[in-house]
Amino acid sequence: MPTRLGFVGAGYMGQLAHIDKYCKLPDVTLAALAEQRPQLAARVGQAYGFERTYPDHRAMLDAGKLDAVVAIAPFQLNAPLVADVLEAGLPVITEKPQTTTSQRGRELIDLARQKNLVYQVGYMKRFDPGVRWAKAQIARWRDTGDVGPMLSLRAWCAHGQWQWFRDPPIRTDEKVPESTLEREPRHDWMTTDQWRGHVAWINYYSHQTNLARYLAGEDYTLDSVRRREHDDVVSTYIQGTFSDSAAHLYFDFTGHTSPDWDEGVEVRFARATLRVDLAAPLAINQAARVRVVSVPSKGEPTELRPRVEQRDGFAMQARQFVASVRGDEPPLSPAHDAIKEVDLSEQIIAMLQQQPVTS
């Protein structure tokens, strides 16, 4: 039987990062689309072959006949939206970040556990074939000890052409109606500016903090956070320590924009270095590029550039979510792991409260 999917949201990311991927999967039916803009709902529904369209997610859920929901709304609305989907007894995937507060996120995780439902968060870089290859190689090195201990991991992102020259999605001139869902309130211990910084952080940089944990296969703690501002450009530099290996961790979020896309991870062992250069988020059928240089105890250094399947992370994420809904695979980016990025951002804001921004 085909897996019947309901979608919430047909905006830019809803179309190009999600609907466009799920519609190509075998044994999947695009059963329902909830979109507040009626003209957009009708055009997208017809273009992608949705069975029905609805004015909002509640009407879609009330109609039933769904196996899972792909909910792509502004992340500030994730908390009440996910709660409605889970209460309807359906597995769900949202875009990242999970929520804007860790307390609300954990309430949703508990609800999903109580109902025994798949609850995924869209950290699509975990699904990239190049990233998966790199993670497996790092795990092998750590298991065998062939190249010595892991010494450090450095991750960076300088933004750039994230759309990667994609054609625009279907659009109309309709205004987005005010949502009936309530956004999570600001933490009372954060100022308005700090709350804006927190929301921006989990939107932009939680991808890299999540990817570092995934590749290393262990959690980490933060040792220091430093911010610098120059000509209205703010850069953030973080140092930390991995919990098991005691390897050093560095995040370099230099606040400049690359002319193309500049994001990656470099992992150093005593006798090997593995570097992952990630494709732009919306690049189609482009996997991360991986380069490995190892130095054996005897002999010459060797270099390897593995060839991996050229599929983008969003496409692989769609395939894996459906597999997890069917019970064929465990979720690769479960909410109980994704909540750590919200925790981390709250911790960073608390640490920055103790220090000024330097120039």
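Is His198 buried or exposed? At 0% relative accessibility, His198 counts as buried; buried means under 20% relative accessible area, exposed over 50%, and partly exposed in between, with a 1.4 Å probe and protein chains only. This is a predicted model, in which local features need pLDDT of at least 70, side-chain atom pairs count only at pLDDT 80 or more, and totals for chains, interfaces and linings use all residues. Residues are numbered from 1 along each chain as its sequence is written, and side-chain values use heavy atoms, with hydrogens and water left out.

**Two buried residues**

His198 lies in helix 7. Helices (H or I, at least four residues) and strands (E, at least two) are DSSP runs, numbered from the N terminus. Leaving aside residues up to four places away in sequence, His198 touches Thr100, Met190, Val342, Ser345, Glu346 and Ile349. Contact here means heavy atoms within 4.5 Å.

Leu332 is found in the loop between helix 9 (313-325) and helix 10. Leu332 has 17% relative accessibility and therefore counts as buried. Not counting residues up to four places away in sequence, Leu332 touches Gln120, Arg126, Phe127, Arg132, Tyr214 and Gln320. Of these, Arg126 is 206 residues from Leu332 in sequence, while the two are 7.4 Å apart in space, C-alpha to C-alpha.

**The sheet of 6 strands**

An open sheet is built from 6 strands in the order 3-2-1-4-5-6, and the pairing is parallel. Two strands pair if DSSP finds at least two bridges between them. Strand 3 (52-54) and strand 6 (119-122) stand at the edges with a single partner strand each, so one side of each has no neighbour in the sheet. From one strand to the next the twist averages 20 degrees. Axes are lines fitted to C-alpha atoms, for helices over the stretch in contact, and angles run from 0 to 180 degrees between N-to-C directions.

At one edge, strand 2 (residues 28-34) runs parallel to strand 3 and is joined to it by 3 bridges. One residue pair there is Ala32 with its bridge partner Arg52 in strand 3. Helix 4 (residues 78-87) lies across strand 1 (3-8), strand 4 (68-71), strand 5 (92-95) and strand 6, and runs at about 170 degrees to strand 5.

**The sheet of 8 strands**

Another open sheet has 8 strands in the order 8-9-10-7-11-12-13-14, with mixed pairing. Its edges are strand 8 (220-230) and strand 14 (302-304), each with a single partner strand, so one side of each is left without a neighbour in the sheet. The twist in this sheet averages 10 degrees from one strand to the next.

Strand 12 (residues 272-277) has 5 of its 6 residues buried, so it is largely enclosed by the rest of the structure. Strand 11 (residues 261-269) runs antiparallel to strand 12, and 6 bridges join them. A hairpin of 2 residues connects strand 11 to strand 12, and Val267 has Leu274 in strand 12 as its bridge partner. Strand 12 is also joined to strand 13 (residues 289-294) by 6 bridges, again in an antiparallel arrangement. There, Val276 stands opposite Val290 in strand 13. Helix 6 (residues 129-144) lies across strand 7, strand 11, strand 12, strand 13 and strand 14, at about 165 degrees to strand 12.

**Pockets**

Pockets are found on a 1 Å grid over the protein atoms alone: a pocket is an open set of points with protein on both sides within 12 Å along at least five of seven lines, a cavity is a set of points where a 1.4 Å probe fits but cannot get out, and lining residues have an atom within 4 Å of a point. Grid points are joined across faces, edges and corners, and a volume is the space filled by probe spheres set on the points.

| Pocket | Volume | Lining residues | Nearest its centre |
|---|---|---|---|
| Largest | about 1100 Å³ | 43 residues | Met13, Ile72, Ala73, Pro74 and Phe75 |
| Second largest | about 280 Å³ | 17 residues | Trp201, Tyr205, Arg227, Val234 and Thr236 |

Helix 1 (12-22), helix 3 (57-63), strand 7 (150-160), helix 7 (192-204) and helix 8 (206-216) each give two or more residues to the lining of the largest pocket. That lining divides into 22 nonpolar, 12 polar and 9 charged residues. Ala, Val, Leu, Ile, Met, Phe, Trp, Tyr, Cys and Pro count as nonpolar, Asp, Glu, Lys and Arg as charged, and the others, Gly among them, as polar.

For the second largest pocket, helix 7, strand 9 (233-242) and helix 10 (335-352) each supply at least two lining residues. Helix 7 gives the most, with 5 residues. By class, this lining has 8 nonpolar, 8 polar and 1 charged residues.
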